[in-house]
Amino acid sequence: MNEKITLVTGDITHIHADAIVNAANSSLLGGGGVDGAIHRAGGPAILEECKQIRNRQGGCHTGDAVITTGGNLPARYVIHTVGPVWNGGSQNEAQLLKRAYQSCFRLAQQHDVKSIAFPSISTGIYRFPKKKAAEIALEAIRDALADNPALQEVKIVCFDEETRAIYAGLLG
Ligand code: AR6
């Protein structure tokens, strides 16, 4: 167990951290699940910045990430990443999911983020198997903590008991 990794159950929009991560889609224009919750709670400033990023770079590819204000959220920043849609596992889904986490950590480091909270990316509407996704998330999180000593806390925000139990089992 790494003491910088904490498990939280609940709604990520309530989390106090330098940054929270959004499981977005490549349009960056919002959607359901955690994406919908973050835009609802964070207010229009987040969507406004997402639109500006879209105008500059045409959205966000799977595995990449972009950063915006946290708007009305307790978090200073929202890092929007696009996880892969699960299509059986032969479409590079595992690598793309890991890359999504890595892209978030890269932006976090560039913006001096010391605490960051993640939802379980891709495991809702995008149907990535929860246990496999948690293993990949923890690999990426441990690598980032090892690489970036300034990173003090990574919160894993579980929206349901099944996800929490999976992470708790893997964290030991
Ligand atoms: N706080 C924390 N976790 C949440 C919350 C919340 N408020 N709401 C849902 N989750 P999903 P995806 C959990 O579907 O699979 C959107 O339409 C949820 O239980 O939000 O990456 C986007 O626009 C699950 O464990 O994201 C994309 O089109 C996890 O967050 C698409 O869905 C991810 O579920 C992305 O799908």
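**Ligand contacts and a salt bridge**

Mentor: Start with Ser122: one of its backbone N or O atoms lies 2.8 Å from an oxygen atom of the ligand. Bear in mind this is a predicted model, where local features need pLDDT of at least 70, side-chain atom pairs count only at pLDDT 80 or more, and totals for chains, interfaces and linings use all residues. Residues are numbered from 1 along each chain as its sequence is written, and side-chain values use heavy atoms, leaving out hydrogens and water.

Trainee: Why is the Ser122 pair called a polar contact?

Mentor: A polar contact is a pair of N or O atoms within 3.5 Å (within protein, one must be able to donate a hydrogen and the other to accept it, and residues adjacent in sequence count only if both atoms are side-chain atoms). At 2.8 Å, the Ser122 pair therefore qualifies.

Trainee: What makes the Asp35 pair count?

Mentor: A side-chain N or O atom of Asp35 is 2.7 Å from a ligand oxygen, so that pair passes too.

Trainee: How do you know that Glu139 and Lys98 form a salt bridge?

Mentor: The term needs a side-chain nitrogen of Lys or Arg within 4 Å of a carboxyl oxygen of Asp or Glu. Glu139 and Lys98 meet at 2.8 Å, N to O, so they fit. The pair ties together parts 41 residues apart in sequence, because Glu139 is in helix α4 (residues 130-147) and Lys98 in helix α3 (residues 93-110). Helices here are DSSP runs (H or I, at least four residues), numbered from the N terminus.

Trainee: How many salt bridges are there?

Mentor: Six in the structure.

Definitions and conventions. Helices (H or I, at least four residues) and strands (E, at least two) are DSSP runs, numbered from the N terminus.
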